[in-house]
Amino acid sequence: MTEEEVKRIADAISAERFQPYLDECGGDPLVALRLYCWDGEASRAFLSALRDFEVSMRNAFHSRLAGRYGRSDWWDSPRVRLTAKGFQQVRSARLALQQELGAANVTPDDMVAKLTLGFWVGLTGRGQNYEMQFWNPALRHAFHGYRGRRGALQQQLDHVRRFRNRIGHHERICHRHLEKDYETLLRLLDYVSLEKAALHRRFSQIPDVLARKPLVLAGAEPIRL
């Protein structure tokens, strides 16, 4: 790849977005471009585990809360008191689905899929007496083998939420301690689905991708797009 080609690609990425990669690579544009490409590879590898964690957790929460309130649209139960933010998240999801599917066609399963990870993580928070409403009677049972405090777990869940959002918004992750992020994600996946956690421990691309980083930056292994 010529210097001119690297420059044109960097210009397409934008100077502001490319600068942190240059900073991390001592100002070398070619190495910075390799890092940029590896960053995308790492993001793609993490998406699989993040997807399985989010889907498993929200399904476990939904099952527990539907059972507690005796209805599949438990968020509409008069016994449920959501925070203002939680109420708005439900309202936004419902309105979006009504516009997409028609009001008469929106099902509870549609809502479960539409509600954001932030909504589900928020249910483990403290607002609106969530600990007594949701955590103690229902949600703590969704995390098999967890014996710690709600607040400590909520911090880990929010850490994963923010990590997921970085990837979802195409922000760089190469500066993070990604090995630790992976450990946290696997630990949380263990709580909600031992089987899925075992699957990722056996087949995940993440360890191989993380090990490739120095080789990609040195040009010893090719970039992957």
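**Exercise 1. Find the buried side of helix 8.**
Which residues of helix 8 are buried, and how are they placed around its axis?

*Solution.* Start with the list: R150, L153, Q156, L157, V160, F163 and I167 are the buried residues of helix 8. Buried here means under 20% relative accessible area, exposed means over 50%, and partly exposed lies in between, with a 1.4 Å probe and protein chains only. Next, look down the axis: the buried residues fall within an arc of 155 degrees, so they line one face of helix 8. The arc is taken over the directions from the helix axis to the C-beta atoms. Then ask what lies over them: the cover includes helix 3 (29-69), helix 6, helix 7 (130-135) and helix 9.

A word on the model before we go on: it is predicted, so local features need pLDDT of at least 70 and side-chain atom pairs count only at pLDDT 80 or more, while totals for chains, interfaces and linings use all residues. Residues are numbered from 1 along each chain as its sequence is written, and side-chain values use heavy atoms, with hydrogens and water left out.

**Exercise 2. Follow R150.**
Where is R150 found, and with which residues is R150 in contact, leaving aside its neighbours within four places in sequence?

*Solution.* First, place the residue: R150 is found in helix 8, which runs over residues 150-168. Second, check its exposure: with a relative accessible area of 10%, R150 is buried. Third, collect its partners beyond four places in sequence: T124, G125, R126, E131 and W135. Contact means heavy atoms within 4.5 Å. Finally, a distance to try yourself: the C-alpha atoms of R150 and R8 are separated by 49 Å, with these positions 142 residues apart along the chain.

**Exercise 3. Check the span of two helices.**
What spans are expected for helix 8 and helix 4 at 1.5 Å a residue?

*Solution.* The rule is 1.5 Å times one less than the number of residues. For the 19 residues of helix 8 this gives 27 Å, and the end C-alpha atoms, 26 Å apart, agree with that. Helix 4 (residues 84-101) has 18 residues; the expected value is 26 Å and its first and last C-alpha atoms are 25 Å apart, which is close. Look just past each end as well: H170, which follows helix 8, has a positive phi near 60 degrees, and G102, which follows helix 4, has a positive phi near 95 degrees.

**Exercise 4. Sort the sides of helix 4.**
Which residues of helix 4 are buried, and which are exposed on the other side?

*Solution.* The buried residues are G86, V90, A93 and L97. They cover an arc of only 65 degrees around the axis, which puts them on the same side of helix 4. On the other side, A84, K85, F87 and Q99 are exposed. Helix 5 (108-114) and helix 6 (117-122) are among the elements that cover the buried residues.

**Exercise 5. Describe a helix pair.**
How do the axes of helix 9 and helix 10 cross, and which residues make the contact?

*Solution.* The axes of helix 9 (residues 178-192) and helix 10 (residues 194-203) come within 6 Å and cross at roughly 145 degrees. Helix 9 contributes Y182, L186, L189, D190 and V192, and helix 10 contributes L194, K196, A197, H200 and R201. By class, these are six nonpolar, one polar and three charged.

Key
Axes are lines fitted to C-alpha atoms, for helices over the stretch in contact, and angles run from 0 to 180 degrees between N-to-C directions. Ala, Val, Leu, Ile, Met, Phe, Trp, Tyr, Cys and Pro count as nonpolar, Asp, Glu, Lys and Arg as charged, and the others, Gly among them, as polar.
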